[in-house]
Amino acid sequence: MGQGILLSAGADIDFMIHGVFSYELFGQTVWITTTHVCVLIVMLVIVAFSIAANRAIKHASDVPGTFQNVVELVVEMLDKMIGGVMGKFSPRFRNYIGTIFIFILLSNISGLFGLRPPTADYGVTFAMGIITFVLIHYNQFKYQKVKGVIAGLCDPWPIWAPINLIGEIAVPISLSLRLFANVLSGTVMLALVYALLSKIAIIWPAALHVYFDLFSGAIQTYVFCMLTMTYITNACTTDE
Amino acid sequence: MGEFNNNFILGCSAIGAGLAVIAGIGPGVGQGIAAGHAAAAVGRNPGAKSDVTSTMLLGQAVAETTGLYGLLIAMLLLFVKPLLP
């Protein structure tokens, strides 16, 4: 009866996370889910690409081949994007931003290849939100010192401190929920199309894939990285 | 809980989910306004097209968040069914 609410599709709609196998850890049952498997596949692709890129750059030639060109293009594009936003702080955060950019982009696109996008699991995006949160506050304490952090917290008047505190805590939550909900909405919509219109879903869902997986995925990747960079740059910037 | 059966709760959840996605109106209007102003800015200063586009996308994505919260509530009501006993 629980499935009855899903229009008339029966049990065909499948966009949930499934457990693959479970094991006991400190008396708790822990599940290895499809998300873990998909993250592992995305990770293997990135690692393979990195090893190939490393080999290509080690034997780099003056007239670059096709693969070397692609690697240089990716690195230059990321450098330009990060340098444009972060300015003089960019060398320190290039690694982190570049890594999450490539990871989120491949995760979002992995929906094209029949995987369930790992970013459609709140556990994955929230982990990235937490890393960003820690980075923001580590750098805030490092560059603005304790005095600057307290001054920023009591911005107009000290009585506003609780509201500013809630605003600080809301940053990683809204950052991760934005990515999660965007990717999840695409996943759910495609699952609904394939389940409800299975008889006539022949070629035209490709257009939906282009929009939800490629366009929306790329935009959300860009937005996540841009916001992360903006927040970190704000935390690094002092008044002087 | 005796007098309301599960079907009643599921029906009310579906109505609630429908009401929750009305939140999409706000971001729609906001994104439209942002896109309109961006188009006007590109018309005035065609050289700054890439800057205007990236700023517009960033602002639109932030404006979209409230609508996505509504969507999340709808998803929770429909698929997680927190109201069922």
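Two residues are in contact here if their C-beta atoms, placed from the backbone, lie within 7 Å, and that definition will be needed at several stops of this tour, which passes through a predicted model.

Begin by selecting A:Ala181, and then add B:Leu68, B:Leu71 and B:Leu72, because these three residues of chain B are in contact with A:Ala181 when its neighbours within four places in sequence are left aside.

Keep A:Ala181 selected and bring in A:Phe180, A:Phe224, A:Cys225 and A:Met229, since these five are the residues that touch the most other members of the largest nonpolar core, a set of 34 residues. To see where this core comes from, colour the elements that give two or more residues to it, which are helices H1 (34–58), H3 (90–109), H4 (122–153), H5 and H6 of chain A, together with H3 of chain B. Among these elements, H6(A) gives the most, with 9 residues. As a general background, nonpolar side chains in soluble globular proteins tend to be buried together.

Next, show the whole contact between the two chains, which takes 13 residues from chain A and 12 residues from chain B. On the side of chain A that touches chain B, helix H5 (161–196) and helix H6 (205–236) each supply at least two residues, and H5(A) gives the most, with 6 residues. If you colour that side by class, you will find 8 nonpolar, 4 polar and 1 charged residues.

Now select H6(A) alone and follow it from end to end. At 1.5 Å a residue, its 32 residues should span 46 Å, and this agrees with the 45 Å that separates its end C-alpha atoms. Pause at A:Ser216, where H6(A) bends by about 30°.

Then hide chain A and look at chain B, which has 3 helices and 0 strands, following the pattern α-α-α along the sequence. Its C-alpha atoms fill a box of roughly 65 × 15 × 10 Å along the principal axes, and its radius of gyration is 20 Å, whereas a compact globule of 85 residues would have one near 12 Å. Of the 85 residues of chain B, 12% count as buried.

As a last stop, select B:Ser50, which lies in helix H3 (residues 49–80) of chain B. Is B:Ser50 buried or exposed? B:Ser50 counts as exposed, because it has 9 C-beta neighbours inside 10 Å and a residue with 12 or fewer is classed that way. Finally, add B:Ile15, which is 35 residues from B:Ser50 along the chain, and draw the line between their C-alpha atoms, which are separated by 42 Å.

Methods. Residues are numbered from 1 along each chain as its sequence is written. Chains are lettered from A and ligands numbered from 1 in the order in which they are written. This is a predicted model: local features need pLDDT of at least 70, side-chain atom pairs count only at pLDDT 80 or more; totals for chains, interfaces and linings use all residues. Helices (H or I, at least four residues) and strands (E, at least two) are DSSP runs, numbered from the N terminus. Ala, Val, Leu, Ile, Met, Phe, Trp, Tyr, Cys and Pro count as nonpolar, Asp, Glu, Lys and Arg as charged, and the others, Gly among them, as polar. The radius of gyration is taken over C-alpha atoms; the globule rule is 2.2 Å times the number of residues to the power 0.38. A residue is buried if 20 or more other C-beta atoms lie within 10 Å of its own, exposed if 12 or fewer, and partly exposed in between; C-beta atoms are placed from the backbone. The expected span of a helix is 1.5 Å times one less than its number of residues. The bend at a residue is the angle between axes fitted to the seven residues ending there and the seven starting there. A nonpolar core is a set of buried Ala, Val, Leu, Ile, Met, Phe, Trp, Tyr and Cys residues joined through C-beta atoms within 7 Å.
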